[in-house]
Amino acid sequence: MLNLVIFGAPGSGKGTQSERLISEYGLLHISTGDVLRDHIKRGTELGVTARQYIDKGQLVPDGLIIDILAQVLDDNKERACEGVIFDGFPRTIPQAQALERLLGERGTKVHAVVGLEVDEQELIDRLVKRGKESGRSDDNEATIRKRLEVYHNQTSPLREFYQERGLYKAIHGVGTIDDIFADIKRALAAIEA
Ligand code: B4P
């Protein structure tokens with residue numbers, strides 16, 4: 001069983017590399033961004049609330065997102081036992097502490113954190129490009145800059161949090177998707193055994 005966190009700034013390739021990791025290791029994919037966008041599409045109460053934050057480039061409040069994650073884990077109990085990739089969660093220290101607690105209560109833990117490291121201009125270029133192609137409401141330059149600021153202030157401290165626990169695997173996230181994935185597999189080889 002392998003529980004992975006895929007970590008990085010907006011546009012670092014979390015979603016892209018998650019797809020590869022899922023097919024390679026047969027993991028359950030939990031993307032909090034995807035869960036929130038699904039709620040927005042269905043017009044649920046949660047979706048209406050989440051949209052107010054996402055469109056401003058802010059994080060959805062911790063309490064809300066932690067409850068969502070606990071619910072998704074409960075709804076997918078059997079699959080979660082085979083291993084999970086957490087994509088876009090945790091994004092704050094309280095979320096990381098909640099993840100430790102939620103997994104601990106289920107008799108498991110985070111085995112590794114894959115940190116995709118990409119320079120800022122490349123992140124902006126990727127997200128502006130995606131915004132033009134997909135029309136995602138938060139992929140416009142002003143919101144992207146706000147998301148990056150939020151990342152630096154609230155999310156990047158998690159790097160140290162996981163380094164202290166010996167779980168952080170730094171991956172250079174620029175290059176072809178295949179090459180980056182090969183680096184991730186190499187970094188995970190040691191913990192797979
Ligand atoms: P997310 O959906 O997680 O959005 P994101 O950080 O932009 O990541 P995403 O997965 O979409 O992009 P990726 O790095 O794969 O969150 C959206 C919003 O939801 C947040 O801003 C927040 O408001 C809210 N939210 C979500 N989770 C939350 C939480 N835990 N707490 C609070 N709020 C939360 O980048 C992919 C782009 O790069 C693609 O266009 C791809 O084609 C391109 N790309 C990937 N690899 C590449 C490569 N090697 N070369 C060139 N381009 C590449």
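The following dialogue examines the ligand site, the pockets and one peptide bond of a predicted model.

Visitor: What makes Gly-15, Thr-32, Gln-58, Arg-91 and Arg-147 part of the ligand's surroundings?

Guide: A residue counts as near a molecule if one of its heavy atoms lies within 4 Å of it. In this model 28 residues surround the ligand, and these five are the closest.

Visitor: Why is the pair formed by the ligand and the side chain of Arg-130 called a polar contact?

Guide: The term requires a pair of N or O atoms within 3.5 Å. An oxygen atom of the ligand is 2.9 Å from an N or O atom in the Arg-130 side chain, so the pair meets the cut-off.

Visitor: How do you know that backbone atoms of Gly-11 and Gly-88 also make polar contacts with the ligand?

Guide: The limit of 3.5 Å applies again. For Gly-11, a polar backbone atom is 3.2 Å from an oxygen atom of the ligand. For Gly-88, a polar backbone atom is 2.9 Å from a nitrogen atom of the ligand. Both pairs therefore qualify. As for cover, the ligand has 1,000 Å² of accessible area on its own, of which the protein covers 87%.

Visitor: Which pocket does the ligand take up, and which elements give two or more residues to the shell around the ligand?

Guide: The ligand takes the space of the largest pocket. Helices H1 (14–25), H2 (32–42), H7 (120–134) and H10 (177–192) each give two or more residues to the shell. H2 gives the most, with four residues.

Visitor: What makes up the shell in terms of residue classes?

Guide: The shell holds nine nonpolar, eleven polar and eight charged residues. Gly counts as polar and Arg as charged, so Gly-15 falls in the polar class and Arg-91 in the charged class.

Visitor: How much space lies in the largest pocket, and what lines it?

Guide: The largest pocket contains about 1,000 Å³ of space. Its lining has 50 residues, and those closest to the centre are Gly-11, Lys-14, Arg-130, Arg-136 and Arg-147. H7 gives the most to this lining, with six residues. By class, the lining comprises 18 nonpolar, 18 polar and 14 charged residues.

Visitor: What is found in the second largest pocket and its lining?

Guide: About 180 Å³ of space lies in the second largest pocket. Ala-9, Leu-116, Glu-117, Val-118 and Tyr-151 are the closest to its centre among 14 lining residues. Strand E4 (112–117), H7 and H8 each give two or more residues to that lining. Seven of the lining residues are nonpolar, three polar and four charged.

Visitor: Why is the peptide bond from Phe-89 to Pro-90 called cis?

Guide: Its omega is near 0 degrees, the value given with the cis assignment. Most peptide bonds are trans. Pro-90 is located in the loop between strand E3 (84–87) and helix H6 (93–105).

Notes. Residues are numbered from 1 along each chain as its sequence is written. This is a predicted model: local features need pLDDT of at least 70, side-chain atom pairs count only at pLDDT 80 or more; totals for chains, interfaces and linings use all residues. Side-chain values use heavy atoms; hydrogens and water are left out. A polar contact is a pair of N or O atoms within 3.5 Å; within protein, one must be able to donate a hydrogen and the other to accept it, and residues adjacent in sequence count only if both atoms are side-chain atoms. Accessible areas come from the Shrake-Rupley method with a 1.4 Å probe; for residues, only the protein chains shown count as cover. On a 1 Å grid over the protein atoms alone, a cavity is a set of points where a 1.4 Å probe fits but cannot get out, and a pocket is an open set with protein on both sides within 12 Å along at least five of seven lines; lining residues have an atom within 4 Å of a point. A molecule sits in a cavity or pocket if more than half of its atoms lie within 2 Å of its grid points. Grid points are joined across faces, edges and corners, and a volume is the space filled by probe spheres set on the points.
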